[in-house]
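Hi there,

Here is the structure I promised to pass on to you. Have a look at it first, and then read my notes below.

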Amino acid sequence: IAAVKFIGSVIAITIFMPTVGVILAVLSFVLIKVINIINKISFNKFNEYNAQEQKIYAGIQDYLNNIMTVITLRAQNLVQKDLMEKIQKTWKVVWDSRLWLEIKWFIVSNSLTMIKVLIIGLYIYQELKTKNIVMAGTVVMLSSYLDQAEQTINELTFHGQRMIQNYANYK
């Protein structure tokens, strides 16, 4: 449904303002490509994190299984140190994955804002150049179509991120 809203918005804008519609379609396509590239990086980070997390849980399970033995009780400091080292290894991966997610959302939100400003500015410029007047209702209509397109891209980005996290968890 989100894709239908987006395509409908682009078609509606293209019907009324072909240049603006083409610009919106091209910039949206480029933005979606950038999102996909960052999602691939995030997927690799999630896989790396999951692998390290599994090592931690395997270590904890081993220690819990052997907790009653004298060897493990004597090696308590060693066990604690080993677990802490494994846990600390995950911080780099967690930091990297969160950094890439923040970069993605920064790019998405700023790009969508710039696209909206560019398209509305271009429309106003074209109208002033050709007709010497700008119809406020048309600007509001254009803004609402751009809002729908923006909302759709945000939804697709969010759902794509969730799908990648879930897929990495099950892999």
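Starting at the N terminus, the elements of the chain go α-α-α-α-α. That adds up to five helices and zero strands (helices, H or I with at least four residues, and strands, E with at least two, are DSSP runs numbered from the N terminus).

Before you dig in: this is a predicted model, where local features need pLDDT of at least 70 and side-chain atom pairs count only at pLDDT 80 or more, while totals for chains, interfaces and linings use all residues. Residues are numbered from 1 along each chain as its sequence is written, and side-chain values use heavy atoms, with hydrogens and water left out.

Now the inside. Of the 171 residues in the chain, 31% are buried (buried is under 20% relative accessible area, exposed is over 50%, and partly exposed is in between, with a 1.4 Å probe and protein chains only). The largest nonpolar core has 19 residues, and Leu24, Ile119, Leu142, Leu146 and Ile153 touch the most other members. (A nonpolar core is a set of buried Ala, Val, Leu, Ile, Met, Phe, Trp, Tyr and Cys residues joined through side-chain atoms within 4.5 Å.) Helices H1 (2-16), H2 (18-65), H4 (76-130) and H5 (136-170) each supply at least two residues of this core, and H4 gives the most, with six residues. Apart from this core lies another one of five residues, including Phe43, Phe46, Leu101 and Ala168.

Two residues are worth clicking on. Leaving out neighbours within four places in sequence, Ile153 is in contact with Phe6, Ser28, Leu31, Ile35, Val108 and Leu112 (contact means heavy atoms within 4.5 Å). Then try Val20, which is found in helix H2. Is Val20 buried or exposed? Val20 counts as buried, because its relative accessibility is 0%. With the neighbours within four places again left aside, its contacts are Ile13, Ile119, Leu122, Gln126 and Leu142. Val20 and Leu142 sit 122 residues apart in sequence, yet they are 9.8 Å apart in space, C-alpha to C-alpha.

On the outside, Ile7, Ile11, Ile15 and Phe16 make a nonpolar surface patch of about 440 Å². (Such a patch takes residues with over 30% relative accessible area and no salt bridge, nonpolar side chains being joined within 5 Å; a salt bridge is a side-chain nitrogen of Lys or Arg within 4 Å of a carboxyl oxygen of Asp or Glu.) Ile7 belongs to helix H1 and is partly exposed, at 48% relative accessible area.

Enjoy exploring!

Methods
Patches are made of residues with over 30% relative accessible area and no salt bridge: like charges are joined within 9 Å, nonpolar side chains (Val, Leu, Ile, Met, Phe, Trp, Tyr) within 5 Å. Accessible areas come from the Shrake-Rupley method with a 1.4 Å probe; for residues, only the protein chains shown count as cover.
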